[in-house]
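Here is a walk through one structure, taken piece by piece. Keep the 3D view open and follow along.

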Amino acid sequence: KHIKSSCSLVAYNTDQAGMNTTHTHQIKQQEKRCFVFVTCLLYLVTDLDFSPFDDYLLATCSADETVKLWRVCDLDQDQPSNAEVTLSAADGRLEIVLFHPAASGLLAVASARGVQVWDVTRDTALTGKHTPSVFIPITITALNTRSCLQLLYFKCSLKPYSDCVQGHQGNRDSRVLWVKDDNLLTTGFNQMRQQEVRLWDSRKLSSSLSSLSLATSNARCFSGSLFMFREADLSLSLSVSHCLTDVSTRGVALVPKLALDVSCCEVLRLMQLSDNFIVPISYQVPRKDFHADLYPDTVGHTPAVTAEDWWKGENKQVVTSSVLVTASTSSSPLSTPSSSAAPSRSPSSTSGLSSGFLPSPSPSQSSRAIHSMLGPSSKFRHIQGAVLHRDTHITNLRGLHLTTPGECDGFCANGQRVAVPLAIAGGQIAVFELSQPGKLPDTALPTIQNSVNVADFCWDPFDTHKLVVAGDDAKIRVWQIPKGGLTETLTEPERVLRGHTEKIYSIKFHPHASGLLASSSYDLTVRLWNLETGEEVKRLSGHQDQIFGMAWSPDGKLLATVCKDGKVRLYDPRKSTLPIQEGPGPEGQRGARVVWVCDGKYLLVSGFDSRSERQLYLFSAESLASGSVASAPADVSPSTLIPFYDPDTSVLILTGKGDTRVYIYEIVPEAPYFMECSSFHSSEPHKGLCFLPKAECDVRDVEVARAIRLGKTTIEPVAFRVPRVKVRKEFFQDDVFPETAVWWDASLTAAAWLSGSNGQHRKISLRPNDMTPVSEAPKEAPVRKYLPSSVYLEEKTDEQKKEELLSAMVAKLGNREDPLPQESYEGVDEDEWAKYLAQIIVMGAQVVGRAFARALRQEFAASQAAAEARGGAGRQSAAASSFTGMTLQEAQQILNISTLTPEEIQKNYEHLFKVNDKAVGGSFYLQSKVVRAKERLDEELSIQQQHQTKPPEQQQT
């Protein structure tokens, strides 16, 4: 099988007549894609190739002796039924087709009979037939059936001539490729049927420069592993590394450089074709940041010459362009340099294409290109979620109702209490005071008895004691919780709202008007209620199926709904009972939620796509009919993601029932719209999260949101914090805590809103009185940590260097007043740093001692061997030389001493020991030599003194 790739498409042939194509960037996103089938008469496609200057122009050759050029369209468009150009080579079964790398419209075709070069713009063969069967232009390189390496040279007025040399010794298929510095790389088989790789110099084909044998196999493609070779810069030798794959390889295509993801340091990407899959294999350099040295300028999409000019003898190289520029321009519409019109296609953020040559950017342009390529980063990207101390938990929960309807959040909470449904007959709800944490008793608890199953329930945002419950009997009950919490079971609600004819889906309070409630039902209506009078005040229609969710706009003027019929609708309840806007929503029918973001400019919908995968969609509130402006994939799970949006920070937090992960995004009103932040993971699945008012957050600990997490048996507070440096945390972080709206206080009544009035929440600052805003904090003067380079460049004596080094060491170890830089970060204990510092000092001393002892042992062994070879004059002196491992002459040469006197020995020893200190450029080994020399000379002086004190008769013996 054959597989080829352009920057936008990857194509391969099949075992039947025809071929398949699909987008490479879609494969990279690991999505399931339908394939486009292009018919090629009744013959098998033997080879194919993409134009280097047109990503959607594909050439194929087949056994019907024709070459066809296809204009492939996007997958959502109708594919052409006929080829754009058909070339009749009439040269037998065609085996190879290849575009010229520099000339436009130039195509080479090979068969068992020979090679032809075609100008596709004129439907003309520029050359006749020549014997090789596999080639690469400009100079056509071939391995023919006799395993000969052959070079063909074509010019306008001369007959093509060639160079030929014996190639691989095996008679099986071979491949050839141009590599660096006019060298050729060939693959084939040797006499032992081993896969072999050879490197050739095209200027001297008498013998190969290097060769490498691989595994024994009969397959032309390497089964089970992919091999990548690189040419060494100096030795011209071959080194090989392989990547083991899970499936057998049927073909491999190299993706062009312009399509690589430079943001993650991807330097190479292959497309592996197996029996059932196309697998992208990415090679990345493990670096944290972008490195321009990995990406030299690469060839662009503009041809250097035309086919006619090339045939006349003109040779030019394709102009190169920067990968950064092509990556930064990938979001703009692209034009095709071909004379025919290119099909319209949507730009891809991963394709990285360029519509032509662009000059190399300046450093400032490169930095802007990198920023544009990587995208803006969120200041909340390192947000951390943490469950608060166990003392704040409510434990020993029993009998929780874990199968609430999908439109219900599962439980609800306000700043004082939390309501939890129980799996007890009669639709009972337990209410727990957050101010009374601890273990619940094993006895029965006082509850709210609704007498029917609970469909949805929520707290009144302006009254922490009022709980509204919707039931399966199409009624809405209003309950009043006494101060201090439930002390006895409640059986009679304060008010019952009647009007719906079917089961209720969900209920939502108005964000500004007190006592104004919206409810959606199976009767496909949305009704507005005035809780003060208990009357239905508005009835909205226009839905064709189940209403998944609804949300009031931040200003309270509009109501948005998302429906099972795949529509997102927008209502102005005071003006019309029908939607004022509607547009396409999520394709999946498993559930959805909607919330307003970015000051009411956008609607965010969490739902499912056509493959039942969870997705996030962003819609413009001004033009719902145009569809979503952006989307972000989540994961695969049956539960709907329940969103919470903080308008102060524009942070979106989502999780589903039964999930263990909480997704966090910052939503911005321009591209990329979704900026993903760190996720919060819990140890066990939770029923859901319910967020408290902003006033409950601990701003001293930079807590931007606080939620209540309902587990299987516990209720736990969860704090979401933004990590800040310890030194700066003493200031109020006004960059993440702007003035917040007091949405827990009503700004008008339901009657006033119905009459046409609009309210607005007052705003307050969360800054404590004893904290200074970080924007007003005094600027810290920069402190130079190191001396200027001029100090180190001055010429100094060895003694000055030694003194400065010792002074710096003493000052570093002895100064306890200046804190270490690490102490400015959160969670650093001074005692702990002192312990670590002591360990470092002890370990450093051990390392120095071991190194000095090792140097002494090495010097002793070498000197001892030399002393045994040379010997000494007297027996005692020889014994001393053997014991110390150094002869007397060596010791005198080391210390530069002619006469043995204690004063001269001590003087020279001190001088040489200092100048050979490691701190001034010496080494432990040289110092050990000096020490051993002094010991040998001291021993010699001792022997001489003993010899002088002995009687003459003993001296003679």
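**A helix, two sheets and some cysteines**

Start with helix α11, residues 902-915. This helix has 14 residues and reaches 20 Å from its first C-alpha to its last. That is close to the 20 Å expected at 1.5 Å a residue. Keep in mind that the model is a predicted one.

Which residues of α11 are buried? They are I905, N908, Y909 and L912. Seen down the axis of α11, these buried residues fall within an arc of 105°, so they line one face of the helix. The other side of α11 carries exposed residues: E903, K907 and K914.

Now go to the sheets. Strands of a sheet pair through backbone hydrogen bonds, in either a parallel or an antiparallel way. One open sheet has four strands, in the order β5-β6-β7-β8, with antiparallel pairing. At its edges stand β5 (45-51) and β8 (85-88). Each has a single partner strand, so one side of each is left without a neighbour in the sheet. Ignoring direction, neighbouring strands here are turned by 20° against each other on average.

Look inside this sheet. Strand β6 (residues 54-62) and strand β7 (residues 66-71) run antiparallel and are joined by five bridges. To find your place, pick L58, which stands opposite W70 in β7.

Further along the chain, another open sheet is made of four strands. Their order is β36-β37-β38-β39, and the pairing is antiparallel. Which strands are at the edges? They are β36 (454-460) and β39 (495-498), and each pairs on one side only. From one strand to the next, the twist averages 20°. Four bridges join β38 (residues 475-480) to β39, and these two strands run antiparallel. R477 stands opposite V496 in β39.

Next comes a stretch with a label from a record. An unreviewed UniProt entry carries the annotation "repeat: WD" for residues 497-539 and 540-572. Take residues 540-572 in the model. The chain there is 0% helix and 52% strand. The end C-alpha atoms of this stretch are 9 Å apart.

Finish with the cysteines. How many disulfides does a search of the whole structure find? The count is zero. C690 is in no disulfide, and the nearest cysteine sulfur, that of C412, is 6.3 Å away. A disulfide would need the two sulfur atoms within 2.5 Å. Is C690 buried or exposed? C690 has a relative accessible area of 14%, so it is buried. C598 also counts as buried, at 8% relative accessibility.

Technical notes. Residues numbered from 1 in each chain as written. Predicted model: local features only at pLDDT ≥ 70, side-chain atom pairs only at ≥ 80, totals over all residues. Heavy atoms only, no water. Buried < 20%, exposed > 50% of the residue type's maximum accessible area, 1.4 Å probe, protein only. Expected span 1.5 Å × (residues − 1). Arc of directions from axis to C-beta. Pairing = 2+ DSSP bridges. Axes fitted to C-alpha atoms, helices over the stretch in contact; angles between N-to-C directions. UniProt positions renumbered as here; feature names shortened; annotations may be inferred.
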